[in-house]
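Me: I would like to go through the labels used for this fold and see what each one rests on. Please show the structure before we start.

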Amino acid sequence: MKVAVFSAKPHDRAFLAQANEAAGRPHQIQFFETHLDPKTVGLAAGASAVCPFVNDVVDRAVLAELADLGVRLVALRGAGFNNVDLAAAGKLGIRVARVPAYSPWAVGEHAVALMLALNRKLVRAHARTHEGNFALDGLLGFDMHGKTVGLVGLGRIGLVVARILGGFGCRVLGFDPAVGDEFRALGGEAVGLEDLLAGSDIISLHCPLTPETRHLIDAAAVARMKHGVMLINTSRGAVIDTRAVIDGLKSGRVGYLGLDVYEEEGDLFFEDLSEQVLQDDVFARLLTFRNVLITGHQAFFTREALEAIARTTVENISAFERSGAPLHEVTSEKFVCAEEKSKEETIA
Ligand code: NAI
């Protein structure tokens with residue numbers, strides 16, 4: 001099948017080409033660096049499937065154009081689909097597939113990396129040693145052992161983090177409306193959100209972005225936290241009210257902040273903007289704090305995760321070619337459509 005891959009970075013080319021090769025090269029894949037949007041949709045001419053990424057536009061207009069071009073499958077390279085108008089796709093006879101899960105370890109391990117780097121001030125220490133400054137002032141950390149960590153969201157990733165932190169000797173609290181036995185079996189204590197916020201030295205967010213979790217961490221939540229708390233967000237930017245957390249940083253209530261995601265990341269992340277003037281004043285303020293560590297939505301970015309994403313994407317396309325249905329289909333009946341924004345959110 002002819003497939004047009006949009007927003008293709010060098011790693012997408014490498015991993016998708018490898019997965020296609022391993023499957024016996026069933027598909028002819030064409031890579032386009034550009035995003036899929038109303039201006040670029042014509043590039044899909046001749047393809048039966050398109051493969052977009054999280055910031056690509058797959059709205060009603062783009063889907064209508066794709067249908068006219070003969071495209072019958074949208075194979076997303078990730079789990080999230082809030083950039084796709086599922087209802088329009090259904091009406092136009094275009095099937096939509098995704099990669100529901102690829103590596104909870106990639107994200108969980110990155111969350112812990114942020115915790116350790118913030119605690120032991122690794123970025124500052126690295127810069128100092130490269131300057132020939134071996135003084136320890138300002139680098140004082142704390143033992144993870146014996147600290148209380150609160151996990152919001154105890155799904156695949158939350159459980160990985162619980163397992164790792166249990167190994168460190170942390171006391172692990174967890175809040176999830178659908179908490180399962182596995183968390184308790186790991187020695188975790190299921191608590192209410194208020195108790196988690198008040199009782200944790202470190203809080204790490206692993207819930208999806210839904211109408212209920214948008215700005216879950218707002219000014220009131222920050223006010224409930226321990227003075228000097230460490231807050232980690234590898235879930236979705238909008239789970240945090242960034243301005244409220246900035247106020248928390250200014251007052252010292254938030255002692256450390258580790259972010260892999262940001263509310264307005266769509267305008268920033270995944271691109272090299274180093275030659276441009278930063279226009280986002282809130283993000284610029286975040287960068288001024290020495291106790292804030294930000295990565296640009298890279299928690300998912302491991303070899304194993306990319307292999308799994310590419311393999312499942314090829315499997316989705318092959319299954320569609322064989323039977324007319326992809327392996328992991330999303331439809332507007334099963335999920336709330338893009339216009340109504342969410343139930344489940346984009347995963348990288
Ligand atoms: P999952 O679906 O396995 O688990 C999510 C858990 O959150 C579920 O147990 C659910 O019951 C719980 N939850 C739902 N609403 C909640 C609420 N109001 N409060 C507390 N818990 C709530 O999802 P998984 O795979 O663990 O991923 C979690 C999130 O991590 C994703 O939704 C995504 O936002 C983020 N993610 C980030 C990546 C990155 O590269 N930074 C990559 C992959 C996922």
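Reply: Start with a definition: helices (H or I, at least four residues) and strands (E, at least two) are DSSP runs, numbered from the N terminus. Two strands pair if DSSP finds at least two bridges between them. The model is predicted, so local features need pLDDT of at least 70 and side-chain atom pairs count only at pLDDT 80 or more, while totals for chains, interfaces and linings use all residues. Residues are numbered from 1 along each chain as its sequence is written, and side-chain values use heavy atoms, with hydrogens and water left out.

Me: How do you know that β1 and β2 are paired?

Reply: Four bridges join β1 to β2, and a pair needs at least two. In one of them, Val5 has Phe31 in β2 as its bridge partner. The two strands run parallel.

Me: What makes the crossover from β1 through α1 to β2 left-handed or right-handed?

Reply: The rule is to point the strands away from the viewer; the crossover is right-handed if the path from the first strand over the helix to the second runs clockwise. The crossover from β1 through α1 to β2 is right-handed.

Me: How do you know that β1 pairs with β3?

Reply: Three bridges link β1 and β3 in the parallel sense, and at least two are required. Val5 stands opposite Cys51 in β3.

Me: What joins β3 to β4?

Reply: Two bridges join β3 (residues 49-51) to β4 (residues 73-75), and these strands run parallel. Val50 has Val74 of β4 as its bridge partner.

Me: What is the strand order of the open sheet?

Reply: The five strands of the open sheet are ordered β2-β1-β3-β4-β5, with parallel pairing.

Me: Why do β2 and β5 stand at the edges?

Reply: β2 (28-31) and β5 (95-97) each have a single partner strand, so one side of each is left without a neighbour in the sheet.

Me: Why is α4 called oblique to α6?

Reply: The axes of α4 (residues 104-119) and α6 (residues 156-168) come within 8 Å and cross at roughly 45 degrees. Angles under 35 degrees count as roughly parallel, over 145 as roughly antiparallel, 65 to 115 as roughly perpendicular and the rest as oblique. That crossing angle makes α4 oblique to α6.

Me: Which residues of α4 and α6 make the contact?

Reply: Contact means heavy atoms within 4.5 Å. Among the residues involved are Trp105 and Met115 of α4 and Ile157 and Phe168 of α6.

Methods. Axes are lines fitted to C-alpha atoms, for helices over the stretch in contact, and angles run from 0 to 180 degrees between N-to-C directions.
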